[in-house]
Amino acid sequence: MNIQRVLLLTVLSLSFVALVGCSDRSSAEGENHSDNDDHSNEAGHQESAVDDDHGHDESGDDHDDHGHDEGGDDHDDHADENGDEHGDEVVKLTDAQLKAAGVKIEPLSGGEIATHIMLPAEVGLDQDKVLHVTPRVPGIVTDVVGYLGHDVQAGDLLAVIQSPELGETKITYLQAIQARIIAKAELVREQTISENTAKLLDVLREDPTPDELRERADRFRIGANKGRLLSAYAQMKAGAANYAREQELNSRGLSTQADLLASQEMYNSAQAEYMGAFEDVDFSYRLRLQQAEQAAMIADSGVENAERRLHLLGLNEEQVQLIATEPDMSVARYELHAPMTGRIVAKHITPGEKVSTNASVYTIADLSSVWLNISIYSQYAEMIEEGQHVTVHVGDRTASGVVDYISAVVSESSRTVAARVVLDNSDRSWKPGIFVTVRVETDKVHADRVVPIDAIQTYEGYTVVFIQDTDGIEPVRVTLGRKNDVNVELIGNDVAIGTPIVVANSFLMKAELGKGSAGHDH
(Lines give C-alpha, C1' and ligand atoms only; values in the text may rest on other atoms or scores of the structure.)
Protein backbone atom coordinates (compact mmCIF):
# COMPACT_ATOMS: atom_id res chain seq x y z
CA MET A 1 0.00 0.00 0.00
CA ASN A 2 2.78 2.43 0.89
CA ILE A 3 4.52 1.74 -2.41
CA GLN A 4 1.32 2.32 -4.35
CA ARG A 5 0.68 5.58 -2.48
CA VAL A 6 4.18 6.83 -3.26
CA LEU A 7 3.80 6.03 -6.94
CA LEU A 8 0.41 7.78 -7.09
CA LEU A 9 1.79 10.93 -5.47
CA THR A 10 4.70 10.94 -7.84
CA VAL A 11 2.45 10.74 -10.92
CA LEU A 12 0.19 13.50 -9.60
CA SER A 13 3.19 15.76 -8.95
CA LEU A 14 4.57 15.29 -12.43
CA SER A 15 1.15 16.03 -13.98
CA PHE A 16 0.83 19.25 -12.02
CA VAL A 17 4.29 20.42 -13.06
CA ALA A 18 3.44 19.68 -16.73
CA LEU A 19 0.17 21.62 -16.52
CA VAL A 20 1.91 24.65 -14.98
CA GLY A 21 4.60 24.62 -17.69
CA CYS A 22 2.02 24.54 -20.50
CA SER A 23 0.11 27.44 -18.96
CA ASP A 24 3.26 29.56 -18.77
CA ARG A 25 4.21 28.90 -22.37
CA SER A 26 0.71 29.73 -23.62
CA SER A 27 0.79 33.08 -21.85
CA ALA A 28 4.21 33.94 -23.24
CA GLU A 29 3.25 33.05 -26.82
CA GLY A 30 -0.03 34.96 -26.65
CA GLU A 31 1.64 38.18 -25.54
CA ASN A 32 5.13 38.19 -27.16
CA HIS A 33 4.95 35.94 -30.25
CA SER A 34 8.08 34.08 -29.12
CA ASP A 35 10.06 37.36 -28.94
CA ASN A 36 10.53 37.52 -25.09
CA ASP A 37 11.08 33.96 -23.88
CA ASP A 38 13.20 35.23 -20.98
CA HIS A 39 10.23 37.17 -19.50
CA SER A 40 7.49 34.58 -19.82
CA ASN A 41 6.63 34.54 -16.13
CA GLU A 42 6.31 38.32 -15.99
CA ALA A 43 4.13 38.37 -19.09
CA GLY A 44 1.94 35.65 -17.59
CA HIS A 45 1.52 37.68 -14.41
CA GLN A 46 0.58 40.84 -16.32
CA GLU A 47 -1.88 38.89 -18.44
CA SER A 48 -3.56 37.51 -15.33
CA ALA A 49 -3.82 41.00 -13.88
CA VAL A 50 -5.36 42.43 -17.03
CA ASP A 51 -7.74 39.51 -17.32
CA ASP A 52 -8.90 40.16 -13.78
CA ASP A 53 -9.40 43.90 -14.32
CA HIS A 54 -10.80 44.09 -17.88
CA GLY A 55 -12.40 40.82 -18.57
CA HIS A 56 -10.40 40.09 -21.71
CA ASP A 57 -10.92 43.50 -23.49
CA GLU A 58 -7.33 42.92 -24.62
CA SER A 59 -8.50 41.04 -27.70
CA GLY A 60 -10.30 44.11 -29.06
CA ASP A 61 -7.27 46.33 -28.43
CA ASP A 62 -5.04 43.78 -30.08
CA HIS A 63 -7.16 43.99 -33.22
CA ASP A 64 -7.06 47.76 -33.30
CA ASP A 65 -3.32 48.04 -32.72
CA HIS A 66 -2.34 44.98 -34.70
CA GLY A 67 -2.23 42.75 -31.62
CA HIS A 68 0.87 44.30 -30.02
CA ASP A 69 -0.27 46.74 -27.33
CA GLU A 70 0.85 44.59 -24.39
CA GLY A 71 3.99 43.03 -25.63
CA GLY A 72 6.70 44.88 -23.66
CA ASP A 73 9.12 47.71 -24.54
CA ASP A 74 10.60 46.15 -27.70
CA HIS A 75 7.15 45.30 -28.99
CA ASP A 76 5.89 48.85 -28.34
CA ASP A 77 8.73 50.34 -30.39
CA HIS A 78 7.85 48.12 -33.32
CA ALA A 79 4.21 49.12 -33.06
CA ASP A 80 5.20 52.83 -33.21
CA GLU A 81 7.29 52.32 -36.33
CA ASN A 82 4.41 50.63 -38.11
CA GLY A 83 2.14 53.41 -37.10
CA ASP A 84 4.52 55.97 -38.69
CA GLU A 85 4.73 54.00 -41.95
CA HIS A 86 0.98 53.98 -42.41
CA GLY A 87 0.54 57.49 -41.18
CA ASP A 88 3.35 59.47 -42.80
CA GLU A 89 4.56 57.01 -45.51
CA VAL A 90 8.01 58.59 -45.66
CA VAL A 91 11.07 57.20 -47.42
CA LYS A 92 14.21 58.17 -45.57
CA LEU A 93 17.34 57.83 -47.65
CA THR A 94 20.59 59.74 -47.47
CA ASP A 95 21.84 61.90 -50.32
CA ALA A 96 24.52 59.33 -51.01
CA GLN A 97 21.91 56.57 -51.26
CA LEU A 98 19.76 58.65 -53.61
CA LYS A 99 22.73 59.44 -55.80
CA ALA A 100 23.84 55.81 -55.91
CA ALA A 101 20.31 54.77 -56.93
CA GLY A 102 20.20 57.33 -59.73
CA VAL A 103 17.32 59.22 -58.15
CA LYS A 104 17.05 62.74 -59.54
CA ILE A 105 15.23 65.49 -57.66
CA GLU A 106 14.31 68.86 -59.17
CA PRO A 107 12.05 71.73 -58.10
CA LEU A 108 8.59 71.77 -59.67
CA SER A 109 8.35 74.37 -62.43
CA GLY A 110 6.39 75.26 -65.53
CA GLY A 111 7.16 74.50 -69.15
CA GLU A 112 5.82 73.77 -72.61
CA ILE A 113 3.95 70.65 -73.57
CA ALA A 114 4.03 69.83 -77.24
CA THR A 115 1.08 67.86 -78.52
CA HIS A 116 1.61 65.53 -81.44
CA ILE A 117 0.17 62.80 -83.59
CA MET A 118 1.74 59.56 -84.76
CA LEU A 119 1.69 58.78 -88.49
CA PRO A 120 3.06 56.02 -90.72
CA ALA A 121 5.91 56.84 -93.09
CA GLU A 122 8.34 55.16 -95.45
CA VAL A 123 11.99 56.02 -95.98
CA GLY A 124 12.66 56.61 -99.67
CA LEU A 125 15.38 57.82 -101.99
CA ASP A 126 15.93 61.54 -102.28
CA GLN A 127 14.44 61.87 -105.75
CA ASP A 128 16.29 65.14 -106.26
CA LYS A 129 19.52 63.15 -106.06
CA VAL A 130 18.63 60.15 -108.22
CA LEU A 131 19.77 59.72 -111.83
CA HIS A 132 18.69 57.09 -114.34
CA VAL A 133 21.55 56.28 -116.70
CA THR A 134 20.53 55.64 -120.31
CA PRO A 135 22.86 54.97 -123.28
CA ARG A 136 22.98 57.80 -125.82
CA VAL A 137 23.36 55.34 -128.70
CA PRO A 138 21.93 51.88 -129.42
CA GLY A 139 24.27 48.95 -129.63
CA ILE A 140 25.48 45.64 -128.23
CA VAL A 141 26.93 45.47 -124.69
CA THR A 142 30.46 44.07 -124.74
CA ASP A 143 31.59 44.71 -121.15
CA VAL A 144 29.98 45.56 -117.80
CA VAL A 145 32.06 47.16 -115.05
CA GLY A 146 29.49 48.73 -112.70
CA TYR A 147 27.52 46.32 -110.51
CA LEU A 148 24.62 46.66 -108.11
CA GLY A 149 25.69 48.19 -104.79
CA HIS A 150 28.92 49.69 -106.10
CA ASP A 151 29.85 53.18 -104.96
CA VAL A 152 30.91 55.19 -108.00
CA GLN A 153 32.43 58.59 -108.64
CA ALA A 154 31.32 60.92 -111.38
CA GLY A 155 33.06 59.84 -114.59
CA ASP A 156 33.67 56.21 -113.59
CA LEU A 157 33.27 53.65 -116.39
CA LEU A 158 30.08 51.58 -116.08
CA ALA A 159 29.84 49.61 -119.33
CA VAL A 160 31.15 49.38 -122.91
CA ILE A 161 28.83 49.20 -125.94
CA GLN A 162 29.62 48.60 -129.62
CA SER A 163 27.51 51.10 -131.56
CA PRO A 164 27.45 51.35 -135.39
CA GLU A 165 25.69 54.68 -135.06
CA LEU A 166 28.54 56.06 -133.01
CA GLY A 167 31.06 54.69 -135.53
CA GLU A 168 29.32 56.46 -138.40
CA THR A 169 29.23 59.69 -136.44
CA LYS A 170 32.94 59.42 -135.73
CA ILE A 171 33.67 58.81 -139.43
CA THR A 172 31.64 61.88 -140.33
CA TYR A 173 33.65 63.85 -137.82
CA LEU A 174 36.93 62.65 -139.32
CA GLN A 175 35.72 63.57 -142.81
CA ALA A 176 34.78 67.01 -141.57
CA ILE A 177 38.26 67.43 -140.17
CA GLN A 178 39.80 66.52 -143.53
CA ALA A 179 37.51 68.92 -145.34
CA ARG A 180 38.50 71.68 -143.00
CA ILE A 181 42.18 71.00 -143.57
CA ILE A 182 41.68 71.24 -147.35
CA ALA A 183 39.59 74.38 -147.04
CA LYS A 184 42.14 76.07 -144.85
CA ALA A 185 44.96 75.22 -147.29
CA GLU A 186 42.94 76.60 -150.19
CA LEU A 187 42.26 79.73 -148.21
CA VAL A 188 45.96 80.25 -147.56
CA ARG A 189 46.69 79.82 -151.30
CA GLU A 190 43.98 82.27 -152.30
CA GLN A 191 45.19 84.77 -149.72
CA THR A 192 48.70 84.57 -151.22
CA ILE A 193 47.38 84.96 -154.79
CA SER A 194 45.17 87.85 -153.75
CA GLU A 195 48.02 89.64 -152.04
CA ASN A 196 50.39 89.21 -155.00
CA THR A 197 47.72 90.14 -157.55
CA ALA A 198 47.01 93.34 -155.69
CA LYS A 199 50.70 94.21 -155.74
CA LEU A 200 51.00 93.45 -159.47
CA LEU A 201 48.01 95.61 -160.25
CA ASP A 202 49.59 98.43 -158.28
CA VAL A 203 52.78 98.07 -160.41
CA LEU A 204 50.73 98.13 -163.60
CA ARG A 205 49.06 101.32 -162.50
CA GLU A 206 52.52 102.92 -162.44
CA ASP A 207 52.74 102.35 -166.24
CA PRO A 208 56.21 100.74 -166.25
CA THR A 209 58.10 99.72 -169.35
CA PRO A 210 57.76 96.09 -170.37
CA ASP A 211 61.27 95.39 -169.16
CA GLU A 212 60.63 97.04 -165.75
CA LEU A 213 57.34 95.16 -165.47
CA ARG A 214 58.94 91.81 -166.11
CA GLU A 215 61.64 92.50 -163.57
CA ARG A 216 59.29 93.65 -160.83
CA ALA A 217 56.58 91.04 -161.52
CA ASP A 218 59.02 88.18 -161.37
CA ARG A 219 58.65 87.86 -157.56
CA PHE A 220 54.81 87.78 -157.59
CA ARG A 221 53.18 84.34 -157.59
CA ILE A 222 49.64 84.72 -158.88
CA GLY A 223 49.23 81.90 -161.39
CA ALA A 224 47.69 82.20 -164.86
CA ASN A 225 46.48 85.76 -164.36
CA LYS A 226 50.06 86.92 -164.22
CA GLY A 227 50.74 85.77 -167.83
CA ARG A 228 47.45 87.15 -168.98
CA LEU A 229 48.14 90.59 -167.54
CA LEU A 230 51.73 90.75 -168.72
CA SER A 231 50.78 89.64 -172.24
CA ALA A 232 47.96 92.13 -172.52
CA TYR A 233 50.13 94.87 -171.11
CA ALA A 234 52.94 94.07 -173.55
CA GLN A 235 50.57 94.07 -176.52
CA MET A 236 49.11 97.36 -175.42
CA LYS A 237 52.58 98.89 -175.09
CA ALA A 238 53.61 97.52 -178.51
CA GLY A 239 50.46 98.85 -180.10
CA ALA A 240 51.05 102.24 -178.51
CA ALA A 241 54.62 102.35 -179.79
CA ASN A 242 53.55 101.31 -183.29
CA TYR A 243 50.81 103.90 -183.34
CA ALA A 244 53.24 106.61 -182.21
CA ARG A 245 55.72 105.61 -184.90
CA GLU A 246 53.04 105.65 -187.62
CA GLN A 247 51.92 109.06 -186.43
CA GLU A 248 55.47 110.39 -186.78
CA LEU A 249 55.92 108.79 -190.21
CA ASN A 250 52.57 110.09 -191.36
CA SER A 251 53.47 113.57 -190.25
CA ARG A 252 56.62 113.39 -192.32
CA GLY A 253 54.73 111.94 -195.27
CA LEU A 254 56.48 108.63 -195.01
CA SER A 255 53.38 106.63 -194.14
CA THR A 256 49.98 106.40 -195.61
CA GLN A 257 46.84 107.29 -193.82
CA ALA A 258 45.73 103.68 -194.02
CA ASP A 259 48.80 102.52 -192.14
CA LEU A 260 48.15 105.14 -189.48
CA LEU A 261 44.56 104.03 -189.05
CA ALA A 262 45.58 100.37 -188.93
CA SER A 263 48.15 101.04 -186.23
CA GLN A 264 45.63 103.09 -184.30
CA GLU A 265 43.13 100.26 -184.48
CA MET A 266 45.67 97.75 -183.27
CA TYR A 267 46.59 100.02 -180.39
CA ASN A 268 42.98 100.57 -179.39
CA SER A 269 42.31 96.84 -179.55
CA ALA A 270 45.35 95.99 -177.42
CA GLN A 271 44.44 98.70 -174.92
CA ALA A 272 40.92 97.36 -174.63
CA GLU A 273 42.22 93.84 -174.15
CA TYR A 274 44.54 94.96 -171.40
CA MET A 275 41.92 97.01 -169.58
CA GLY A 276 39.50 94.11 -169.72
CA ALA A 277 42.11 91.73 -168.35
CA PHE A 278 43.05 94.21 -165.64
CA GLU A 279 39.47 94.62 -164.43
CA ASP A 280 38.75 90.89 -164.67
CA VAL A 281 41.79 89.97 -162.64
CA ASP A 282 41.07 92.73 -160.13
CA PHE A 283 37.51 91.40 -159.62
CA SER A 284 38.17 87.68 -159.86
CA TYR A 285 40.96 87.52 -157.29
CA ARG A 286 38.75 89.25 -154.75
CA LEU A 287 35.87 86.88 -155.54
CA ARG A 288 38.03 83.78 -155.25
CA LEU A 289 39.34 85.03 -151.88
CA GLN A 290 35.80 85.46 -150.61
CA GLN A 291 34.87 82.00 -151.85
CA ALA A 292 37.90 80.47 -150.13
CA GLU A 293 37.04 82.24 -146.89
CA GLN A 294 33.45 81.02 -147.13
CA ALA A 295 34.57 77.46 -147.80
CA ALA A 296 36.85 77.58 -144.79
CA MET A 297 33.99 78.82 -142.60
CA ILE A 298 31.74 76.04 -143.87
CA ALA A 299 34.47 73.49 -143.14
CA ASP A 300 34.86 74.84 -139.60
CA SER A 301 31.13 74.67 -139.10
CA GLY A 302 31.10 71.09 -140.37
CA VAL A 303 33.69 70.07 -137.79
CA GLU A 304 31.85 71.90 -135.02
CA ASN A 305 28.55 70.26 -135.92
CA ALA A 306 30.21 66.85 -136.03
CA GLU A 307 31.66 67.54 -132.58
CA ARG A 308 28.23 68.55 -131.30
CA ARG A 309 26.74 65.29 -132.53
CA LEU A 310 29.47 63.41 -130.70
CA HIS A 311 28.78 65.38 -127.54
CA LEU A 312 25.09 64.56 -127.89
CA LEU A 313 26.09 60.91 -127.91
CA GLY A 314 27.86 61.35 -124.58
CA LEU A 315 31.49 61.92 -125.60
CA ASN A 316 33.35 64.58 -123.68
CA GLU A 317 35.87 67.01 -125.15
CA GLU A 318 38.86 64.82 -124.37
CA GLN A 319 37.26 61.78 -126.01
CA VAL A 320 36.44 63.80 -129.12
CA GLN A 321 40.01 64.99 -129.43
CA LEU A 322 41.27 61.40 -129.24
CA ILE A 323 39.11 60.18 -132.14
CA ALA A 324 41.68 61.25 -134.75
CA THR A 325 44.34 59.03 -133.16
CA GLU A 326 42.31 56.05 -131.95
CA PRO A 327 42.64 52.71 -133.78
CA ASP A 328 40.04 51.65 -136.31
CA MET A 329 38.82 48.84 -134.03
CA SER A 330 37.66 51.42 -131.49
CA VAL A 331 35.69 53.58 -133.87
CA ALA A 332 32.37 52.03 -132.70
CA ARG A 333 33.35 51.79 -129.01
CA TYR A 334 30.92 53.65 -126.73
CA GLU A 335 31.80 54.01 -123.05
CA LEU A 336 28.98 54.54 -120.57
CA HIS A 337 30.18 56.64 -117.61
CA ALA A 338 28.61 57.52 -114.27
CA PRO A 339 27.10 61.01 -114.50
CA MET A 340 27.28 61.60 -110.73
CA THR A 341 28.80 60.34 -107.51
CA GLY A 342 26.63 57.88 -105.63
CA ARG A 343 25.67 54.23 -105.29
CA ILE A 344 24.26 51.94 -107.96
CA VAL A 345 20.81 51.01 -106.65
CA ALA A 346 19.47 49.41 -109.84
CA LYS A 347 21.12 47.61 -112.79
CA HIS A 348 19.50 46.34 -115.99
CA ILE A 349 22.39 45.53 -118.31
CA THR A 350 24.32 42.35 -119.18
CA PRO A 351 27.06 41.50 -121.73
CA GLY A 352 25.69 40.60 -125.15
CA GLU A 353 22.45 42.46 -124.57
CA LYS A 354 21.15 44.89 -127.18
CA VAL A 355 20.34 48.22 -125.57
CA SER A 356 18.42 51.19 -126.89
CA THR A 357 18.26 54.87 -126.10
CA ASN A 358 14.88 54.71 -124.36
CA ALA A 359 15.70 52.25 -121.57
CA SER A 360 17.48 53.01 -118.30
CA VAL A 361 20.26 50.51 -117.62
CA TYR A 362 21.51 51.95 -114.29
CA THR A 363 20.04 53.95 -111.42
CA ILE A 364 22.51 55.90 -109.28
CA ALA A 365 21.47 57.59 -106.04
CA ASP A 366 23.22 59.94 -103.66
CA LEU A 367 22.38 58.40 -100.27
CA SER A 368 23.76 61.27 -98.18
CA SER A 369 20.13 62.30 -97.68
CA VAL A 370 16.81 60.45 -97.88
CA TRP A 371 13.14 61.36 -98.04
CA LEU A 372 10.73 60.49 -95.27
CA ASN A 373 7.42 60.04 -97.10
CA ILE A 374 4.61 60.52 -94.56
CA SER A 375 1.02 59.45 -95.08
CA ILE A 376 -1.33 61.93 -93.39
CA TYR A 377 -4.79 60.64 -92.59
CA SER A 378 -7.54 62.91 -93.84
CA GLN A 379 -8.73 63.81 -90.33
CA TYR A 380 -5.27 65.18 -89.53
CA ALA A 381 -4.75 67.02 -92.82
CA GLU A 382 -5.78 70.39 -91.36
CA MET A 383 -3.40 69.99 -88.41
CA ILE A 384 -0.17 69.70 -90.39
CA GLU A 385 1.55 72.46 -92.32
CA GLU A 386 4.89 72.91 -94.01
CA GLY A 387 7.55 73.85 -91.49
CA GLN A 388 6.28 71.65 -88.66
CA HIS A 389 8.81 69.61 -86.65
CA VAL A 390 8.95 65.84 -87.11
CA THR A 391 10.77 63.22 -85.02
CA VAL A 392 11.29 59.60 -86.03
CA HIS A 393 12.55 56.76 -83.83
CA VAL A 394 13.71 53.37 -85.10
CA GLY A 395 15.45 51.20 -82.53
CA ASP A 396 18.22 53.25 -80.98
CA ARG A 397 18.26 55.75 -83.85
CA THR A 398 16.51 59.09 -83.67
CA ALA A 399 16.28 61.75 -86.35
CA SER A 400 14.38 64.98 -86.72
CA GLY A 401 13.47 67.28 -89.55
CA VAL A 402 10.94 69.73 -90.89
CA VAL A 403 8.01 69.10 -93.20
CA ASP A 404 9.07 70.80 -96.46
CA TYR A 405 6.30 69.58 -98.77
CA ILE A 406 2.63 68.63 -98.46
CA SER A 407 0.73 67.34 -101.45
CA ALA A 408 -2.33 69.25 -102.57
CA VAL A 409 -3.98 66.02 -103.73
CA VAL A 410 -5.49 63.19 -101.68
CA SER A 411 -4.46 59.70 -102.81
CA GLU A 412 -7.39 57.84 -104.35
CA SER A 413 -6.15 54.46 -103.16
CA SER A 414 -5.16 55.23 -99.55
CA ARG A 415 -7.20 58.42 -98.99
CA THR A 416 -4.15 60.02 -97.38
CA VAL A 417 -2.17 63.16 -98.10
CA ALA A 418 1.53 62.76 -98.85
CA ALA A 419 4.07 64.86 -96.94
CA ARG A 420 7.85 64.87 -97.16
CA VAL A 421 10.76 65.42 -94.81
CA VAL A 422 14.41 65.42 -95.91
CA LEU A 423 16.64 63.50 -93.46
CA ASP A 424 20.42 63.58 -93.27
CA ASN A 425 21.82 60.14 -94.04
CA SER A 426 25.56 60.75 -93.99
CA ASP A 427 26.12 57.56 -91.98
CA ARG A 428 23.88 55.51 -94.34
CA SER A 429 21.80 54.32 -91.37
CA TRP A 430 18.45 55.04 -93.03
CA LYS A 431 17.66 52.39 -95.60
CA PRO A 432 15.17 53.38 -98.31
CA GLY A 433 12.16 51.12 -98.21
CA ILE A 434 11.80 50.67 -94.44
CA PHE A 435 8.54 51.65 -92.74
CA VAL A 436 8.59 53.83 -89.65
CA THR A 437 6.23 55.73 -87.39
CA VAL A 438 6.85 59.44 -87.04
CA ARG A 439 5.76 61.94 -84.44
CA VAL A 440 4.52 65.24 -85.82
CA GLU A 441 4.19 68.16 -83.41
CA THR A 442 0.79 69.82 -83.79
CA ASP A 443 0.76 72.39 -80.98
CA LYS A 444 2.68 73.78 -78.00
CA VAL A 445 1.03 74.99 -74.79
CA HIS A 446 2.45 76.45 -71.58
CA ALA A 447 1.63 74.91 -68.20
CA ASP A 448 2.53 76.23 -64.73
CA ARG A 449 3.35 72.78 -63.37
CA VAL A 450 5.10 70.30 -65.65
CA VAL A 451 6.92 67.10 -64.68
CA PRO A 452 8.44 64.26 -66.69
CA ILE A 453 6.28 61.21 -67.28
CA ASP A 454 8.79 59.21 -65.20
CA ALA A 455 7.85 61.27 -62.14
CA ILE A 456 4.30 59.87 -62.13
CA GLN A 457 3.54 56.68 -60.18
CA THR A 458 0.44 54.81 -59.05
CA TYR A 459 0.44 54.10 -55.33
CA GLU A 460 -2.39 52.39 -53.43
CA GLY A 461 -4.72 53.09 -56.35
CA TYR A 462 -3.91 56.80 -56.61
CA THR A 463 -1.80 58.83 -59.04
CA VAL A 464 1.07 60.36 -57.08
CA VAL A 465 4.37 62.17 -57.33
CA PHE A 466 7.08 61.89 -54.70
CA ILE A 467 8.10 65.13 -53.03
CA GLN A 468 11.03 65.76 -50.70
CA ASP A 469 10.59 67.65 -47.43
CA THR A 470 12.34 67.75 -44.04
CA ASP A 471 10.94 64.34 -43.07
CA GLY A 472 12.12 62.60 -46.23
CA ILE A 473 10.43 61.60 -49.49
CA GLU A 474 6.71 60.93 -49.51
CA PRO A 475 3.91 60.46 -52.09
CA VAL A 476 1.37 63.18 -52.82
CA ARG A 477 -1.80 62.64 -54.79
CA VAL A 478 -2.04 64.70 -57.99
CA THR A 479 -4.42 65.31 -60.87
CA LEU A 480 -2.98 65.08 -64.38
CA GLY A 481 -3.75 67.42 -67.26
CA ARG A 482 -2.36 67.68 -70.78
CA LYS A 483 0.52 65.41 -71.60
CA ASN A 484 2.66 63.88 -74.29
CA ASP A 485 5.08 60.98 -74.21
CA VAL A 486 7.70 63.08 -72.38
CA ASN A 487 5.99 65.51 -69.99
CA VAL A 488 2.68 65.85 -68.19
CA GLU A 489 0.86 68.79 -66.60
CA LEU A 490 -0.17 68.79 -62.92
CA ILE A 491 -3.55 70.44 -62.35
CA GLY A 492 -4.42 72.24 -59.13
CA ASN A 493 -2.36 73.34 -56.15
CA ASP A 494 -1.68 69.94 -54.59
CA VAL A 495 2.04 70.58 -55.03
CA ALA A 496 3.46 74.08 -54.71
CA ILE A 497 5.71 75.44 -57.43
CA GLY A 498 9.34 75.00 -56.39
CA THR A 499 8.70 71.86 -54.34
CA PRO A 500 11.50 69.29 -54.84
CA ILE A 501 10.08 66.36 -56.82
CA VAL A 502 11.61 63.04 -57.77
CA VAL A 503 11.79 63.23 -61.59
CA ALA A 504 13.91 60.17 -62.32
CA ASN A 505 13.72 56.63 -60.88
CA SER A 506 10.66 57.55 -58.83
CA PHE A 507 9.61 53.89 -58.99
CA LEU A 508 12.36 53.20 -56.44
CA MET A 509 10.50 55.34 -53.92
CA LYS A 510 7.37 53.31 -54.55
CA ALA A 511 9.40 50.13 -54.07
CA GLU A 512 10.79 51.40 -50.75
CA LEU A 513 7.28 52.06 -49.44
CA GLY A 514 6.28 48.63 -50.67
CA LYS A 515 9.08 47.04 -48.63
CA GLY A 516 7.87 48.74 -45.47
CA SER A 517 4.29 47.67 -46.09
CA ALA A 518 5.33 44.09 -46.75
CA GLY A 519 7.40 43.95 -43.56
CA HIS A 520 4.52 45.25 -41.47
CA ASP A 521 2.00 42.82 -42.95
CA HIS A 522 4.35 39.99 -41.96
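In this predicted model, helix H7 passes helix H8 in a right-handed crossing. Two packed helices are described by the angle between their axes and the distance between the axes. For H7, which spans residues 210–217, and H8, which spans residues 224–251, the axes come within 10 Å and cross at roughly 170°. Since an angle over 145 degrees counts as roughly antiparallel, H7 and H8 are therefore roughly antiparallel to each other.

The residues that make this contact can be picked out on both helices: H7 contributes Pro 210, Leu 213 and Ala 217, while H8 contributes Lys 226, Leu 230, Tyr 233 and Lys 237. Sorted by class, the contact of H7 with H8 comprises 5 nonpolar and 2 charged residues, with no polar ones.

Tyr 233, one of the H8 residues in that contact, leads on to the aromatic side chains. A search of the whole structure finds 4 aromatic pairs. In one of them, the ring centres of Tyr 233 and Tyr 274 lie 5.3 Å apart and the ring planes stand at 65°, and because planes over 60 degrees apart count as edge-to-face, this pair is edge-to-face. The pair links distant parts of the chain, given that Tyr 233 belongs to helix H8 and Tyr 274 to helix H9 (residues 257–312), with their positions 41 residues apart in sequence. Tyr 233 has a relative accessibility of 1% and so counts as buried, and Tyr 274, at 8%, counts as buried as well. Together with Phe 278, Tyr 233 and Tyr 274 form one aromatic cluster.

Another pair joins Tyr 243 and Tyr 267, whose ring centres are 6.0 Å apart and whose planes are at 5°, so that this pair is stacked. Tyr 243 lies in helix H8 and Tyr 267 in helix H9, and the pair therefore ties together parts of the chain that are 24 residues apart in sequence. Tyr 243 counts as buried at 16% relative accessibility, and Tyr 267 is buried with a relative accessible area of 19%, the cut-off for buried being under 20%.

Helix H8 also holds a charged residue to look at, Glu 246. Is Glu 246 buried or exposed? Its relative accessible area is 9%, and Glu 246 is therefore buried. When residues up to four places away in sequence are not counted, Glu 246 touches Ser 255, Asp 259, Leu 260 and Ser 263.

Key:
Residues numbered from 1 in each chain as written. Predicted model: local features only at pLDDT ≥ 70, side-chain atom pairs only at ≥ 80, totals over all residues. Heavy atoms only, no water. Axes fitted to C-alpha atoms, helices over the stretch in contact; angles between N-to-C directions. Helix = DSSP H or I, 4+ residues; strand = E, 2+ residues; numbered from the N terminus. Parallel < 35°, antiparallel > 145°, perpendicular 65-115°, else oblique. Left-handed = near helix turned anticlockwise from the far one by under 90°. Contact = heavy atoms within 4.5 Å. Nonpolar A, V, L, I, M, F, W, Y, C, P; charged D, E, K, R; others polar. Buried < 20%, exposed > 50% of the residue type's maximum accessible area, 1.4 Å probe, protein only. Phe/Tyr/Trp six-rings, centres within 6.5 Å; stacked < 30°, edge-to-face > 60°.
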